[in-house]
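Could you walk me through this model in my viewer, one selection at a time? I would like to know what to click on next and what I will find there.

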Amino acid sequence: MKMMKTATMAFVTLVAMTATAHVPALESFETKPILADLKDLRALNIPVLAKDERIEVGYAIVTPVMQQRIQERAHQVGKCGGFEDLTLDMHIQGTGFNSILDSLAAIQEKNALYERAPFAALSLEKNGTIEAAMTEVSEDNLRSYVTWLSSFPSRSNRDAEPNRHVVEMKTRLEAMLAEATIPYEISEINHTSTKQRTLKVRLVGSERPNEIVVLGGHLDSINQSWGGGKTAPGADDNASGSANLIEALRIMMTKAQPKRTVEFFWYAGEESGLLGSAEIAKQYKADKKDVVAVLQLDMTLFPGSGELVIGSMTDFTSSWLRDYLKAANETYIHARIVDDKCGYGCSDHASWNRQGYPALMPFEATFSKSNKNIHTTRDVISPESNFKHSAAYTKIALVMGMDLANSTARQPY
Ligand SMILES: [Zn+2]
């Protein structure tokens, strides 16, 4: 059965490549250096060129067929992304990749030390303005944003028109931001690894504009079902997280200007190896930007572990921010937070974490209970979609944008 699947997989990939041969999506024909979950690489018999057993991450150079198989496996086990494209680090040869793995392990170790330390739990002081903002989150708005985004046939970075939805969303955000009462900038970010662009909105900080709180999610979608056509509505993955961010921006833009800068990102090409976020995080590190926290919202619509049960991913995220989430939940959100893991490269937070920035990944459920219809034509709004559940993730973004961005708190390690 497994052999059959593999053979079918290769065939489908070849068919797909032939079918899109006239589309100038060069990235799909190249071998790539990647970081991925060691278990996934081993299960697929992909040669691992360097690895770190402590963090279960491996480095490999993969062909397009291997990439497809990793994405397919990630899909089978319920992950959104499956690997991080390291093409930008191509200049690092041989043991250079060991240093990437070593620094990843060192980041994980610092987080583990913090977790073991006997600190008092974090708590937030309740603020009336933030509490009032929680009540402004509209489930109807979330539904209408998800309906609109999932109406595009595909938002894939390998689509013939990979920026149609990006351009339309920028137009919509500009119309919305016309009502903003605080200074903002909106821009599209070009990438070298994909033709798709990332959309960014920056709310400039009033007192410490160089300190940045990032609120992000990927805007692209993908269809990985075998022979299932190319339609990729991606309602849960990730129109939902994208909608949470639009709603948080709508509410924040008429409130007091935050002391720190808040940057919203709708990333390009996450499904093809975290392409947009990897370039952005790498550039921010090179520019020595002071990113104090990164929120990643990717899949928030399917309450697989129960309504208002949030999976907080503990691998390749900041222990401090996970504590912060628990405190924010206690004070403002009133959901239930359950710790879980999703493996390396399951979403864009991995890009920021690898550059040393503190990241947080609250997910729609525990990993094993998440939506099984992602990456297929069936990822549409259904009776199981729960906008009350999804609204909690906009509230997380609001607390980070209105509390953390008005404080001096930062990761203490
Ligand atoms: Zn996703």
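Start by selecting helix 8, residues 235-252, where you will find Asn238. Bear in mind that you are looking at a predicted model. Now add Asp237 to the selection: the peptide bond that joins Asp237 and Asn238 is cis, with omega at about 0°. Most peptide bonds are trans, and most residues other than glycine have a negative phi.

That brings us to two backbone spots with positive phi. Select Glu56, in the loop between strand 2 (50-52) and strand 3 (57-62). Its phi is near 55°, a positive value in a residue that is not glycine. Next, go to His375, in the loop between strand 13 (362-363) and helix 12; here phi is near 65°, again positive in a residue other than glycine. Is His375 buried or exposed? His375 is buried, with a relative accessible area of 2%, whereas Glu56 is partly exposed at 38%.

Now zoom out and colour the protein by domain: residues 2-105 make up domain 1 and residues 128-406 make up domain 2. Their C-alpha centres are 24 Å apart. The contact between them draws on 35 residues from domain 1 and 40 residues from domain 2.

Stay with the two domains and look for the second largest pocket, which holds about 530 Å³ of space. Of its 27 lining residues, show Arg54, Ile55, Gln108, Asp315 and Lys341 as sticks, as these are the closest to the pocket centre. Where does this pocket lie relative to domain 1 and domain 2? Both domains give residues to the lining, so the pocket lies between them. Highlight helix 2 (38-43), helix 4 (96-116) and helix 10 (319-333), the elements that each give two or more residues to the lining. Helix 4 provides the largest share, eight residues. If you colour the lining by class, you will see 13 charged, nine nonpolar and five polar residues.

For the last stop, turn to the largest nonpolar core, which has 68 residues. Pick out Leu173, Phe264, Trp266 and Met400, the members that touch the most others in this core. Helix 12 (residues 387-402) gives this core its largest share, ten residues. Centre the view on Leu173 and, leaving aside residues up to four places away in sequence, you will find that Leu173 touches Ile186, Leu199, Val201, Ile246, Leu249 and Trp266. Another core, of 15 residues, lies apart from the largest one; to find it, select Ile100, Leu274, Tyr344 and Ala350, which are among its members.

Terms used. Residues are numbered from 1 along each chain as its sequence is written. This is a predicted model: local features need pLDDT of at least 70, side-chain atom pairs count only at pLDDT 80 or more; totals for chains, interfaces and linings use all residues. Side-chain values use heavy atoms; hydrogens and water are left out. On a 1 Å grid over the protein atoms alone, a cavity is a set of points where a 1.4 Å probe fits but cannot get out, and a pocket is an open set with protein on both sides within 12 Å along at least five of seven lines; lining residues have an atom within 4 Å of a point. Grid points are joined across faces, edges and corners, and a volume is the space filled by probe spheres set on the points. Helices (H or I, at least four residues) and strands (E, at least two) are DSSP runs, numbered from the N terminus. Ala, Val, Leu, Ile, Met, Phe, Trp, Tyr, Cys and Pro count as nonpolar, Asp, Glu, Lys and Arg as charged, and the others, Gly among them, as polar. Domain bounds come from an automatic or database domain assignment. A nonpolar core is a set of buried Ala, Val, Leu, Ile, Met, Phe, Trp, Tyr and Cys residues joined through side-chain atoms within 4.5 Å. Buried means under 20% relative accessible area, exposed over 50%, partly exposed in between (1.4 Å probe, protein chains only). Contact means heavy atoms within 4.5 Å.
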